[in-house]
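Me: I'm new to this structure and would love a close look at one part of it: the enclosed spaces inside. Could you walk me through what lines them?

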Amino acid sequence: MTNEELISKSVELAKVVKEIDPKAEVYGPAFWGMLPCMQIGETGNGFTDPDWQAVKSNYTWYMDYYLDQMKKAEEEAGTRLIDVFDVHYYAQDVSTDEGILQAARSLYDPEYEENSWLMPWGKSYFPFLTRMQESINKYYPGTKLAISEYNLGNISNEKNTGKSVITGIAEAEALGAFALNDVYFATYWGTLPECPYVESAINLYTNYDGKGAAFGDTLVSAETADLSKAAAFASISGEDDSVVTMTLSNKDAASEENAVITLTGSDKNYQSAVVYAITQDSSDIKIIDVQNDVENNTITVTLPALSVAQIVISDKKSDAAVTEEPDITVKETVYDYADLELSANGFPMLPLGDKDHLKEIVFNVSAGALGGGGLCFNQVVPEGETAAVWGSKPISFDAGTNDNIVKFNDKFTIVVDEKGVDVTGKTLDDFAEIQPNWWTYPEGADVTYNTVKLVYEYDNAELPSENTSETDTETVSALPGDADLSGKVDILDVITVNRAMLGKEKLEGQAFENIDFNKNQKPDASESLAIMKYIVGLITDFNNIN
């Protein structure tokens, strides 16, 4: 496409949009990355646009030319035709942890030169956001800036890097850079279920306490001595400086660091500081420090190695408390995909087991291409409603053999007016239907589901006592229907019997006695069915189950 064609079609389409809806916002040109921003008229594959060659000496890079042409088109049309200047940004130095840790600096730090193929010849186009705003201010003032696709990690390996704190640190710094450079709209491009640290970094700004508390809407000056070691961004709400929120990172991979934070320029006497952080140990946001003895508006905060935090500084005392680490037991149930029974639709049915403690479902998939399917439910009840509807959770997979995680939370997609709508709710189903291959790219690639693992988490305070005294053992284990010796009869006992029938698990001793209702010395389908009937209340005991 020539430059004349790009500009003329952009103008023509924008005019049509504005005629239909004068208030509509038009985004453009949505270039795929840095290279077209620099030299779209010279692709390097033999194409050279004579229009661009004739004028390129008048501009620093192609984006100047594009903005200048759209400004002139506005003057001719009598109305603004591009409201938002839109480009994509993907970090290029992402082959190492250190490269990802420093990646956001290419957006806003004039002292940083990334170690990528864009250097040194592309150095004049960095830092990227700063250069974009310079072009806007010179050639088309008032135009907003959008980064409608961005990723600061190694997107080709996000199943691994997304589970590292380095991607959370990079994301937090990128969001701060967006704020500093007046980015109007930004869209993370990646698979958030595979990138829990990225999701938590976003929540550090938008929901750091889990109750909707957010970074302020007015930036205040914040600096660190060395951006290679730490980045800081601070804010207040409106003109109210009674609470200051500050995002601060520690990029050191080996050592914790003490940050001395001094607040100036305010007449407030700050009293407390609460530190919400994500660390190497967990992508969950946790309170790691509460200080109610702040003096002289100076706070010392210790951040663990490789961590990023939202520090909430207030002129009032805080009643927050350091997050207590839960005493968690993880239990896993693994099914061979080929062994799952089929639904009436011909799809594998996955027993959900103890839904109250089910945290995630892990699909091991071998695929010739990236693609996806769905984990489907017949009875999803959206929050605030009583009627159950069909719903799903997406399953996504990459090429190769990989574990692919589906979070078992309260988020579902339902169908409303033939469109998918994301809702908060719960499922009443005890089984989910796996519809494995909704799409692949390229289409028709071979896909094999290997295993399905269900991961349950139990607070040990909720687990029955494992005291082995004679009295406790009798109370816990000698319970008809209790195949897993948990001290209760539930869906996990059905699963245990089914696995024993398939030879996947061995029932011995008291566990076997608890389910051998037929006295036939083996677990069978009638016993599994009897336990299910007991759970749903169709029978009240296991006598004469035949």
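**Inside the cavities**

Reply: Happy to help! In this predicted model, the largest cavity has a volume of about 90 Å³. It is one of 2 cavities of 30 Å³ or more that the structure holds.

Let's begin with the walls of that largest cavity. Its lining is made up of 14 residues. If you want to find its centre in the 3D view, look for N151, G153, T167, Y188 and V198, the lining residues that lie nearest to that point. Two elements each give two or more residues to this lining: α8, which covers 158–161, and α9, which covers 165–180. The largest share comes from α9, with 3 residues. Sorted by class, the lining of the largest cavity has 6 nonpolar, 6 polar and 2 charged residues.

Now for the other one. The second largest cavity holds about 30 Å³ of space. Around it you will find I169, A172, E173, A231, F233, T247, L248, S249 and V308. Here, the elements that give two or more residues to the lining are α9 and β7, the latter spanning 240–250. By class, this lining has 6 nonpolar, 2 polar and 1 charged residues.

If you would like one element to follow by eye, try α9: it gives two or more residues to the lining of the largest cavity, and it also gives two or more to the lining of the second largest.

Conventions:
Residues numbered from 1 in each chain as written. Predicted model: local features only at pLDDT ≥ 70, side-chain atom pairs only at ≥ 80, totals over all residues. Heavy atoms only, no water. 1 Å grid on protein atoms, 1.4 Å probe; cavity = no way out; pocket = protein on both sides within 12 Å on 5 of 7 lines; lining within 4 Å. Points joined across faces, edges and corners; volume = space filled by probe spheres on them. Helix = DSSP H or I, 4+ residues; strand = E, 2+ residues; numbered from the N terminus. Nonpolar A, V, L, I, M, F, W, Y, C, P; charged D, E, K, R; others polar.
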